[in-house]
Amino acid sequence: MRMSEGDPRVTMKQVAERAGVSVTTVSHVVNEKAGARIGQKARQRVLRAVNELGYRPNALAKTLVKGTSPFIGLVADSIASTPFAGQIVHGAQEEAWKNGHILLVTNTEGNAEAEERAIAMMLQYNVRGILYSRWYHRGVTKPKSLGETRSVLVNCFEEDEDSATHAVVPDEFAGGRAAAQMLLDAGHTRIAMVNTTSHSPARSGRFAGYKAALEEAGVTFDPGLVLEAQPDQEGGFACVDALLATGVTGVCCHNDRMAMGLYDALRERDVSVPGDLSVVGFDNQEVIAGHLHPPLSTVALPHYELGAAGVRALLGEADIPDDGRLVLPCPAVPRASVAAPR
């Protein structure tokens, strides 16, 4: 019979007493010690005692015995304040579990001192490796302490081009091209882009993809159709008059929040989406894109897969290109905000 929940933690000594063997024998059985000479009957008694008493091996002690760890660390900068980081954690957690590992997660809010303390603690637990994650795609300077274990950067990359640290990042260029392609496929040829004023890989990559899609379709790129705004709802709202003055029939927004602000401003001016203007966002932020009227066609950032691929890369189960950067696709998510131009 198992010990009640109120009993103290079952020890290896108690298991040994119940099975009538030494503590060393129990240790060899529960830690699956290779080459240990233990009779089958003694092994069965130990396993029966473990089951009856509800004994749980100490994972950290098992790590020291076997030289391997079930733990993978993840250091994130902002889990609570953004849905994207939560998706990264979810993907990493499920992939770690599938591979027999447990994810240790810490949220530092970008505090360098907190990061160093978190990494130090993870190293004390002899983690298999550490994922270092940012909630939006950008260049970083990796904490020096990450050099003491295997590490993979998730949704970020080292700005030092000679860095040997692997990184898993979204394909911003292909995503920008996919956004423009949705409008091109619907028959639009006069397509604007409302880009962000904030410098980032997303700003440059999505713009380059938008421009490439136009050129591949034989549509002359017009720099006068590229506007800039703050990357939020207010920014999208504020740019509407300048956008309408261009006479475009379709627009690619840097993100879904800008598209949401644009929707509001267009509604105030009795401009219909997609009847008068087709709109495409970026991010596929479900709380926005799926609930606008009409639902917003957009491009998805693969946050869940970034976390999962980060774990695979850490465990050596991903094919990493020679440049050390694994780039994941950003798929188009067509909804109802794109139609043929009038």
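Which residues does Leu146 touch, not counting residues up to four places away in sequence? Keep that in mind while we take in the whole chain; this is a predicted model.

**Start with the whole chain**

Show everything as a cartoon. You should find 13 helices and twelve strands. The radius of gyration is 27 Å, well over the 20 Å that the globule rule gives for 342 residues, so the chain is more spread out than a compact globule. Turn the view along the principal axes, and the C-alpha atoms fill a box of roughly 85 × 45 × 35 Å. Of the 342 residues, 49% count as buried. Now colour by charge: there are 33 positive and 40 negative side chains, and the centres of the two sets lie 14 Å apart.

**Select Leu146**

Leu146 sits in the loop that links strand S3 (130–140) to strand S4 (151–158). Despite the loop setting, Leu146 is buried, with a relative accessible area of 0%. Back to our opening puzzle: the residues Leu146 touches are Ile119, Ile130, Tyr132 and Ser151. Take Ile130 from that group and draw a distance: its C-alpha atom is separated from that of Leu146 by 7.4 Å, although the two are 16 residues apart along the chain.

**Move along S4 to Asn155**

Asn155 is found in strand S4. Its phi is near 65°, a positive value in a residue other than glycine. At 3% relative accessibility, Asn155 counts as buried.

**Compare Glu109**

Next, select Glu109, in the loop between strand S2 (102–107) and helix H6 (112–124). Here too phi is positive in a residue other than glycine, near 55°. Glu109 counts as partly exposed, at 48% relative accessibility.

**Two cis peptide bonds**

Zoom to Pro274, in the loop between helix H11 (256–268) and strand S9 (278–280). The peptide bond leading into it from Val273 is cis, with omega near 5°. Then go to Pro294, in the loop between helix H12 (286–289) and strand S10 (298–299). The bond from His293 to Pro294 is cis as well, with omega near 0°.

**Finish at helix H13**

Select residues 303–314, which make up helix H13. At 1.5 Å a residue, these twelve residues should span 16 Å, and the end C-alpha atoms are 17 Å apart, which agrees. Is H13 enclosed or open? Nine of its twelve residues are buried, so H13 is largely enclosed by the rest of the structure. Show side chains to see the buried residues, among them His303, Leu306, Val311 and Leu314. Last stop: H13 is followed by Gly316, whose phi is positive, near 75°.

Key:
Residues are numbered from 1 along each chain as its sequence is written. This is a predicted model: local features need pLDDT of at least 70, side-chain atom pairs count only at pLDDT 80 or more; totals for chains, interfaces and linings use all residues. Side-chain values use heavy atoms; hydrogens and water are left out. Helices (H or I, at least four residues) and strands (E, at least two) are DSSP runs, numbered from the N terminus. The radius of gyration is taken over C-alpha atoms; the globule rule is 2.2 Å times the number of residues to the power 0.38. Buried means under 20% relative accessible area, exposed over 50%, partly exposed in between (1.4 Å probe, protein chains only). Lys and Arg count as positive and Asp and Glu as negative; His and the chain ends are not counted. The place of a charge is taken as NZ of Lys, CZ of Arg, CG of Asp or CD of Glu. The expected span of a helix is 1.5 Å times one less than its number of residues. Contact means heavy atoms within 4.5 Å.
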